[in-house]
Amino acid sequence: MACGAARAGKSDTAALELLPSAPSKMNESKPGGSQNPTCVFCRKNDDCPIKYGEKKTNEKWNLTVHYYCLLMSSGIWQRGKEEEGVYGFLIEDIRKEVTRASKLKCCICKKTGASIGCVAPRCKRSYHFPCGLQRECIFQFTGNFASFCWNHRPVQIITSNNYRDSLPCTICLEFIEPIPTYSILRSPCCKNAWFHRDCLQVQAINAGVFFFRCTICNNSDIFQKEMLRMGIHIPEKDASWELEENAYQELLQHYEHCDVRRCRSKEGRDYNVPDSKWEIKRCQCCGSRGTHLACSSLQSWEQNWECLECRGILYNSGDFQKAKKHTLPNTNVGITDCLLEESSPKLPRQSPGAQRKDLLRQGSKFRRDISTLIIELGFQIKKKTKRLFINKANIWSSALDGFRNQNFNPSYTIEIAYVNENDHFGKEQPGSKQEFLSLLMQQLENSPLFEGSLSKNLSLNSQALKENLYYEAGKMLAISLVHGGPSPGFFSKTLFNCLVYGPESTQPILDDVSDFDVAQIIIRINTAATVADLNSLINEYYNYLELIGCLRLITSLSDKYMLAKDILVYHVIKRVQAPFESFKQGLKTLGVLEKIQTYPEAFCNIFCHKPENLSTKILSDLFTVHTLSDVQALGFWNSYLQAVEDGKSTVTMEDILTFATGCSSIPPAGFKPTPSIECLHMDFPVGNKCNNCLALPITSTYKEFQENMDFAIKNTLRLEKEENSHFIGH
């Protein structure tokens with residue numbers, strides 16, 4: 001029975017809400033006909049949504065199914081839209097599956113109609129869904145919707161059992177024996193968390209995919225993956241408590257009341273006019289006290305303001321000076337004017353989720369650019385410094401050693417010291433942090449951790465996975481951004497969307513496939529002209545399709561698109577699931593991933609696009625000029641920039657910037673310190689990358705100026721490139 005091929009064709013979108021609120025064409029049977037019709041698959045008339053899924057009857061075709069019986073059947077897949085047939089399963093396909101199942105006998109009850117088969121190789125067991133539950137089979141409501149019989153079902157393996165006494169189920173609190181069985185499951189993230197299977201299933205149905213998580217540590221990713229593996233159905237719906245009308249309406253209320261002791265508004269303390277001096281600003285710490293802008297002498301809504309209670313907490317904690325404050329202007333307003341009314345009531349504190357929604361609504365009022373967002377991330381950097389010893393000939397390994405050092409803290413200020421492993425005297429040279437980060441990002445882009453030409457996706461490198469390098473790569477990228485490094489610029493839109501919206505919500509494209517052979521398979525399938533051609537291709541690539549779980553039953557030519565999509569999703573997303581999860585964890589360093597997910601449009605430009613080409617105007621505006629500089633040399637400098645832009649020089653704009661700062665592009669947060677120019681009596685220019693200072697030579701003619709600039713920049717960069725090229729990748 002080729003149940004694996006058919007099962008591979010199912011889409012995750014088939015896992016709809018378990019109990020949809022809106023009625024559809026599939027209704028419960030009316031009193032006039034059969035009062036309790038039986039399911040065409042399992043032949044049972046039980047109506048138990050938690051065990052069998054919702055029971056639906058199509059009156060037109062006189063057809064009744066349990067949702068789970070339909071979903072887990074081996075020879076059917078979703079070919080229609082969600083509103084067609086039964087949850088996208090067409091009526092004609094359901095009838096064909098019933099006919100197929102009528103020839104198969106259930107190995108448990110010995111009756112025909114066994115539409116579900118064990119996916120284990122060489123296992124011939126078939127059974128009805130209710131019979132499988134009774135015999136403790138496991139049904140996985142994810143991926144290919146696999147089913148496992150009682151001999152081949154997945155189990156939880158615990159290396160050692162140190163539990164001598166019974167432990168409570170963390171949901172119902174009844175004591176259970178802490179031994180993993182079909183009915184008893186353990187949390188994958190908290191070793192002391194044990195559950196009844198039935199308790200978990202009820203909890204999953206009530207919480208839905210957005211709120212189902214470990215009851216101890218609130219982990220959702222690891223917890224949900226394990227529960228899906230062990231056969232817990234997690235419906236793609238909102239939590240039951242979120243569906244109650246106006247259940248949390250009070251959390252959406254904005255506090256609009258002026259609490260300063262002397263309110264200046266003639267219209268009263270609740271008077272609020274946006275974009276005026278009478279707009280109410282809430283406390284930036286607690287959000288439950290407010291002031292009119294005019295009542296606290298705030299010049300704009302963007303200025304920070306803390307209420308008296310929060311200001312006292314900040315002051316007592318020693319962070320008062322660190323917090324950004326507005327300066328009180330020299331007016332007749334006394335200090336007591338800004339004191340709060342003691343009897344002023346407070347609204348309930350907002351939950352973190354409600355606060356985030358509130359911040360997102362406020363964020364839409366002011367456009368956020370990428371430089372501002374990265375500068376905000378940079379507020380985490382402490383004054384305490386950590387020196388990294390970097391070998392330019394081996395940037396990747398020395399950076400890896402530095403970041404893995406137990407004393408390294410990503411929030412410390414980074415100092416760079418360049419060392420040479422061939423120098424027996426151990427001399428150190430002060431280095432540019434931005435140059436180091438720029439070189440590190442180049443190493444990362446060209447490393448085996450990514451595949452593709454310009455727009456890259458994660459690769460599958462078992463050795464890198466074993467050494468946890470994907471996590472380190474994400475961590476490096478996060479540290480580079482927060483500490484002023486360059487734009488990555490090499491991510492594919494698919495990889496970026498996976499990070500922001502999740503792999504399950506991302507559809508890859510053919511350009512994401514870097515493997516030529518796999519790309520050819522997808523192209524040949526998409527261009528198949530007949531069903532015979534398509535089946536011929538499936539036979540040709542049978543072993544490969546079986547290996548990746550993409551075998552499917554072909555009934556029409558249009559099935560080729562779903563088959564090509566399955567291959568694409570597997571190769572680009574599912575194949576690299578482990579590297580992706582590891583990389584994502586690293587990118588959470590310093591809150592970078594959360595910031596990306598909050599402002600995806602701003603970050604997409606620096607992750608998926610290379611910086612704009614430099615021009616004469618950009619470089620002229622970028623470099624500040626020291627006072628008392630030579631006027632003629634500055635004139636030569638401007639002429640030289642124009643000549644380089646016009647292609648009349650052997651160097652490029654990027655070469656000039658690299659020579660002066662170590663970076664070939666302007667970092668999203670800008671340079672620190674600001675690049676500057678000075679003019680000195682010498683023959684050749686000098687770039688001080690630690691200070692981002694370019695010293696220009698003072699010459700008598702422009703020709704001599706250009707020749708000296710070209711010679712120095714070109715040869716300096718060539719020597720540095722040769723020095724770095726001794727180390728090739730990792």
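Exposed here means over 50% relative accessible area, and buried means under 20%. Keep those cut-offs in mind for the views below, which come from a predicted model.

**View 1. Asp-621 and Lys-617 pair up out in the open.** Both Asp-621 and Lys-617 are exposed, and their side chains meet in a salt bridge with an N to O distance of 2.8 Å. The two sit four residues apart in helix α23 (residues 616-622), so about one helical turn separates them.

**View 2. The salt bridge between Glu-451 and Arg-575 has two buried partners.** Here the N to O distance is 2.9 Å. This pair links distant parts of the chain, 124 residues apart: Glu-451 belongs to strand β17 (residues 450-451), while Arg-575 lies in the loop between α19 (559-572) and α20 (577-587). Glu-451 is buried, with a relative accessible area of 19%, and Arg-575 also counts as buried at 19% relative accessibility. Both values fall just on the buried side because the cut-off is under 20%.

**View 3. Arg-153 and Glu-136 bridge two loops.** Their side chains meet in a salt bridge at 3.5 Å, N to O. Arg-153 is in the loop between β7 (147-148) and β8 (167-168) and Glu-136 in the loop between α5 (129-134) and β6 (138-139), so the pair ties together parts 17 residues apart in sequence. Arg-153 is partly exposed, with a relative accessible area of 22%, and Glu-136 is partly exposed too, at 31%.

**View 4. A network of salt bridges links Asp-221, Lys-225, Glu-581 and Lys-584.** For the wider picture, a search of the whole structure turns up 21 salt bridges.

**View 5. Cys-690 sits in a loop between two strands.** An unreviewed UniProt entry annotates Cys-690 as "active site". The loop in question runs between β21 (686-688) and β22 (693-697). Cys-690 is partly exposed, with a relative accessible area of 34%. Who touches this cysteine from further along the chain? Leaving aside neighbours within four places in sequence, Cys-690 is in contact with Pro-430, Gly-431, Ser-432 and Pro-673.

**View 6. The strands on either side of that loop belong to a four-stranded open sheet.** The order is β19-β20-β22-β21, with mixed pairing. β19 (624-625) and β21 are the edge strands with a single partner each, so one side of each has no neighbour in the sheet. Strands β20 (residues 676-680) and β22 pair in the parallel sense over five bridges, and two bridges join β19 to β20, also in parallel. Look for Ser-676: this residue of β20 is the bridge partner of Thr-624, and Ser-676 is also partnered with Cys-693 in β22. Helix α25 (residues 653-661) lies across β21 and β22, running at about 60° to β21.

**View 7. Helix α11 (residues 395-404) is largely enclosed by the rest of the structure, because eight of its ten residues are buried.** Among the buried residues of α11 are Ile-395, Trp-396, Leu-400 and Phe-403. The buried residues pack against β14 (385-391), α12 (433-445) and α14 (469-482).

**View 8. Thr-598 lies in helix α21 (residues 592-598).** Its C-alpha atom is 8.4 Å from that of Val-500, 98 residues away along the chain. Thr-598 is partly exposed, with a relative accessible area of 22%.

Terms used. Residues are numbered from 1 along each chain as its sequence is written. This is a predicted model: local features need pLDDT of at least 70, side-chain atom pairs count only at pLDDT 80 or more; totals for chains, interfaces and linings use all residues. Side-chain values use heavy atoms; hydrogens and water are left out. UniProt positions are given in the numbering used here, feature names are shortened, and annotations may be inferred rather than shown by experiment. Buried means under 20% relative accessible area, exposed over 50%, partly exposed in between (1.4 Å probe, protein chains only). Contact means heavy atoms within 4.5 Å. Two strands pair if DSSP finds at least two bridges between them. Axes are lines fitted to C-alpha atoms, for helices over the stretch in contact, and angles run from 0 to 180 degrees between N-to-C directions. A salt bridge is a side-chain nitrogen of Lys or Arg within 4 Å of a carboxyl oxygen of Asp or Glu.
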